[in-house]
Amino acid sequence: MVTDAPPPEGGTDTSPAQPTTESFVEVQRSAEFGELRRAHRSFAFPLTIAFIAWYLLYVLLSNYAGGFMGTKLFGNVNVALVLGLGQFLTTFLIAWFYSRHAAGKLDPKAERIKSRMESGMEADA
């Protein structure tokens, strides 16, 4: 939380250095930031496209393949119910996979960039 109140008397300012606009632009142009962006996009875009395709398949089957979707698998459970529940399952799986991917590959790279910017060091171009 940011306030307009002055720091306490006798206290030392331990907040990180505030990067300049030029620093942000320099970091954005760096190879390290490009690698971070590629690592994110190479994971997020394919999964997003796959999930949208899976969702649209479900919608199209629901609209145009009512006989197939109404096929009973056991008891009162039909194909539509199983595929509908599969939508929820894949949502949670994608979130779980992304959190693992971010923790293992994205967060360490982002933390290095953040630490360097907060310390006032220049990025490698």
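**Notebook: aromatic pairs, cores and overall fold**

I started with the rings and found that the structure holds two aromatic pairs. A reminder to myself: this is a predicted model.

*Entry 1, the pair across helices.* I looked up Phe 43 and Tyr 98 and got a tilted pair, 5.8 Å centre to centre with 50° between the planes. Phe 43 sits in helix α2 and Tyr 98 in helix α4, so this pair ties together parts that are 55 residues apart in sequence. Is Tyr 98 buried or exposed? Neither quite fits: its relative accessible area is 31%, so I wrote down partly exposed.

*Entry 2, the neighbours in sequence.* Trp 96 and Phe 97 make a tilted aromatic pair too, at 5.1 Å centre to centre and 45° between the planes. I checked the cover on each ring residue. Trp 96 comes out partly exposed at 44% relative accessibility, and Phe 97 is partly exposed at 39%. What lies over the face of Trp 96? I found Arg 100 there, at 4.9 Å from the ring centre.

*Entry 3, the main core.* Next I went looking for nonpolar clusters. The largest nonpolar core has seven residues, and I listed them as Val 27, Leu 36, Ala 39, Ala 102, Leu 106, Ile 113 and Met 117. Two helices, α2 (31-64) and α4 (79-119), each supply at least two residues of this core. Which helix gives the largest share? That is α4, with four residues. A thought for the margin: in soluble globular proteins, nonpolar side chains tend to be buried together.

*Entry 4, one core residue up close.* I picked Leu 106 and asked what it touches, leaving out residues up to four places away in sequence. My list reads Leu 36, Ala 39, His 40, Tyr 98 and His 101. I was pleased to meet Tyr 98 again here, as it is the partner of Phe 43 from my opening entry.

*Entry 5, the other core.* I also noted a second, separate core of five residues, and among them are Leu 61, Met 69, Val 79 and Leu 83.

*Entry 6, stepping back.* For the whole protein I counted four helices and two strands, and along the sequence they follow the pattern α-α-α-β-β-α. Of the 125 residues, 19% count as buried. The protein exposes about 9500 Å², and carbon and sulfur atoms supply 65% of that area. Last, I looked at contacts between residues at least 6 apart in sequence: 64% of them join residues at least 24 apart. The Phe 43 and Tyr 98 pair, 55 residues apart, is a nice long-range link to keep beside that number.

Definitions and conventions
Residues numbered from 1 in each chain as written. Predicted model: local features only at pLDDT ≥ 70, side-chain atom pairs only at ≥ 80, totals over all residues. Heavy atoms only, no water. Core = buried A, V, L, I, M, F, W, Y, C linked by side-chain atoms within 4.5 Å. Buried < 20%, exposed > 50% of the residue type's maximum accessible area, 1.4 Å probe, protein only. Contact = heavy atoms within 4.5 Å. Areas by Shrake-Rupley, 256 points an atom, 1.4 Å probe, with all protein chains shown as cover. Phe/Tyr/Trp six-rings, centres within 6.5 Å; stacked < 30°, edge-to-face > 60°. Lys NZ or Arg CZ within 6 Å of the ring centre and 35° of its normal.
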